[in-house]
Amino acid sequence: MDGVTDPINETLLDQWQRDFPVTSRPFDELADALGISTQDVLDRLKMHCQNGRVTRVGATCAPNTVSASTLAALAAPEDRIEEIAAIIGAQPGVNHSYLREDHWNLWFVVTGPDRAHVDATIARIEKQTGRRVLDLRLVRPFNVDLGFSMRGAPAPLSSARQVDITVFQDDDRPLLQALTKGLPLTPTPYADIAATLGRAEADVLARVRALVDAGIVSRLGVIVRHRALGWRANAMVVWDMPHDAITEAGPVLAVQPGITLCYERVIVPGVWPYRLYSMIHARSRQDAFAVLDRVRALPAFQGVPCKPLFSTRCFKQTGAMIDAAAAKETA
């Protein structure tokens, strides 16, 4: 059962990247569907976590709803890349960090329980590195439901869902942090989380269902590492397009085959003019440029200046920071 080419592993990693069961024994449902034992399911997931194909079985939350986040970039001199990447990765709340082919070569996501935490993290990075950080805040998402099909090229996923923030309760924050960190790979993961939080399992299950239904949890399932599964030619393509034009072009871009993320962010006048962002995850550069060429041929994108920033190294990939207690624990 070592490789992803094993049909059971392929189905396991493909079918449950979202819509993971919210029941007392969720892995039993996976086992029944796969025709194997629950322990076999757990052993396979543990193996994939150990070999780096899976980061966790857990949740991602809708951006900037119950917590804060931003995409940031820093221009690191060639001889300081390792040093500066280590400084960035050590910061509480930095959950993604990549080296990309550009003058602004270190890209990372800063998360935290509130905007003040994000701002403080950026300020620390600037102070410790002596380098300017571009704070590229989210304006509006068009597709943030990242997933990877084991059976072919990544397909366009659902566009950004409407989030009902009124469902959120104050005591949901530790629960969301636990879900984002990842479910325990045990037969009764929700009961184990409930015990850790000092809550009843029935209460935890009810709240998870409510958070999923409200769109606060944007995805619950197997979170895979795309590079380990063969998507090694990954480009963040940025587009220099006016805000009003993005209103029409963003939804069009979000549903194109091969586009795995799509959103609008603020610009930095005189430094960074790009408002519209899209991710292409492909198995080769040739495949990535084929996707980009198809997008460029669309009427809304003909003649629009763009720049593909291929990632060459992943320094960090973890769940977001949501709970203030987690921020203090890692500070």
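What follows is a chat between a trainee and a mentor about this predicted model.

Trainee: Let's start with the big picture. How many helices and strands does the protein have?
Mentor: Keep in mind that we're looking at a predicted model. Buried residues account for 52% of the 331 residues in the protein. As for the elements, the protein has 11 helices and 11 strands.

Trainee: What share of the contacts between residues at least 6 apart in sequence join residues at least 24 apart?
Mentor: Take the contacts in the protein between residues at least 6 apart in sequence, and ask which of them join residues at least 24 apart. That share comes to 75%.

Trainee: Now the open sheet of nine strands. Which strands are its edge strands?
Mentor: Read along the order, which goes β5-β2-β4-β3-β11-β8-β10-β9-β6, with antiparallel pairing. Neighbouring strands in this sheet are turned by 30° against each other on average, ignoring direction. An edge strand pairs on one side only, and that fits β5 (133-136) and β6 (138-143).

Trainee: Which residue in β4 stands opposite Ser69?
Mentor: Strand β2 covers residues 68-74 and strand β4 covers residues 106-112. The two run antiparallel and are joined by seven bridges. Opposite Ser69, in β4, you'll find Thr111.

Trainee: Why is strand β3 described as largely enclosed by the rest of the structure?
Mentor: Look at how its residues 94-100 score for burial, where buried means under 20% relative accessible area. Strand β3 is largely enclosed because the buried ones number six of the seven residues.

Trainee: Through how many residues does the hairpin join β3 to β4?
Mentor: β3 and β4 run antiparallel, with five bridges between them. Within that pairing, His96 stands opposite Val109 in β4. The hairpin that joins β3 to β4 goes through five residues.

Trainee: And on the β11 side, which residue stands opposite His96?
Mentor: β3 is joined to β11 by five bridges, and the two run antiparallel. Opposite His96, in β11, stands Gln317.

Trainee: Lys316 caught my eye. Does it count as buried or exposed?
Mentor: Lys316 has its place in strand β11. Its contacts, leaving out residues up to four places away in sequence, are Gly89, Gln91, Val94, Asn95, His96 and Ser97. The cut-off for buried is under 20% relative accessible area. Lys316 has 19% relative accessibility, so it counts as buried.

Trainee: How far apart in space are Lys316 and Ala90, C-alpha to C-alpha?
Mentor: Along the sequence, Lys316 and Ala90 are 226 residues apart. In space, C-alpha to C-alpha, the separation is 9.6 Å.

Trainee: On to helices against the sheet. Which helix lies across β8, β9, β10 and β11?
Mentor: Two helices are worth sorting out here. Helix α9 (residues 243-254) lies across β6, β8 (233-239), β9 (259-265) and β10 (276-282), and runs at about 30° to β6. The one you want spans residues 285-296 and runs at about 135° to β11 (306-317): helix α10.

Trainee: How do α6 and α7 sit against each other, and how many nonpolar residues are in their contact?
Mentor: The axes of helix α6 (residues 172-181) and helix α7 (residues 189-197) come within 11 Å and cross at roughly 135°, which means α6 is oblique to α7. The crossing is right-handed. Pro174, Leu175, Ala178 and Leu179 of α6 make the contact with Tyr190, Ile193 and Leu197 of α7. None of these is polar or charged, and the nonpolar ones number seven.

Trainee: How many charged residues does the contact of α6 with α8 have?
Mentor: α6 packs with helix α8 (residues 201-213) at an angle of about 80°, the axes being 11 Å apart, so the two are roughly perpendicular. The contact is made by Asp172, Leu175, Leu176 and Leu179 of α6 and Val204, Arg207, Val208 and Leu211 of α8. Six of the residues are nonpolar and none polar, while the charged ones number two.

Trainee: Last one: how many polar residues are in the contact of α1 with α3?
Mentor: Helix α1 (residues 7-15) and helix α3 (residues 38-50) have axes that come within 11 Å and cross at roughly 80°, so α1 is roughly perpendicular to α3. Ile8, Asn9, Leu12 and Leu13 in α1 meet Val41, Arg44, Leu45, Met47 and His48 in α3. By class there are six nonpolar residues and one charged, and the polar ones number two.

Key:
Residues numbered from 1 in each chain as written. Predicted model: local features only at pLDDT ≥ 70, side-chain atom pairs only at ≥ 80, totals over all residues. Heavy atoms only, no water. Pairing = 2+ DSSP bridges. Helix = DSSP H or I, 4+ residues; strand = E, 2+ residues; numbered from the N terminus. Axes fitted to C-alpha atoms, helices over the stretch in contact; angles between N-to-C directions. Contact = heavy atoms within 4.5 Å. Parallel < 35°, antiparallel > 145°, perpendicular 65-115°, else oblique. Left-handed = near helix turned anticlockwise from the far one by under 90°. Nonpolar A, V, L, I, M, F, W, Y, C, P; charged D, E, K, R; others polar. Buried < 20%, exposed > 50% of the residue type's maximum accessible area, 1.4 Å probe, protein only.
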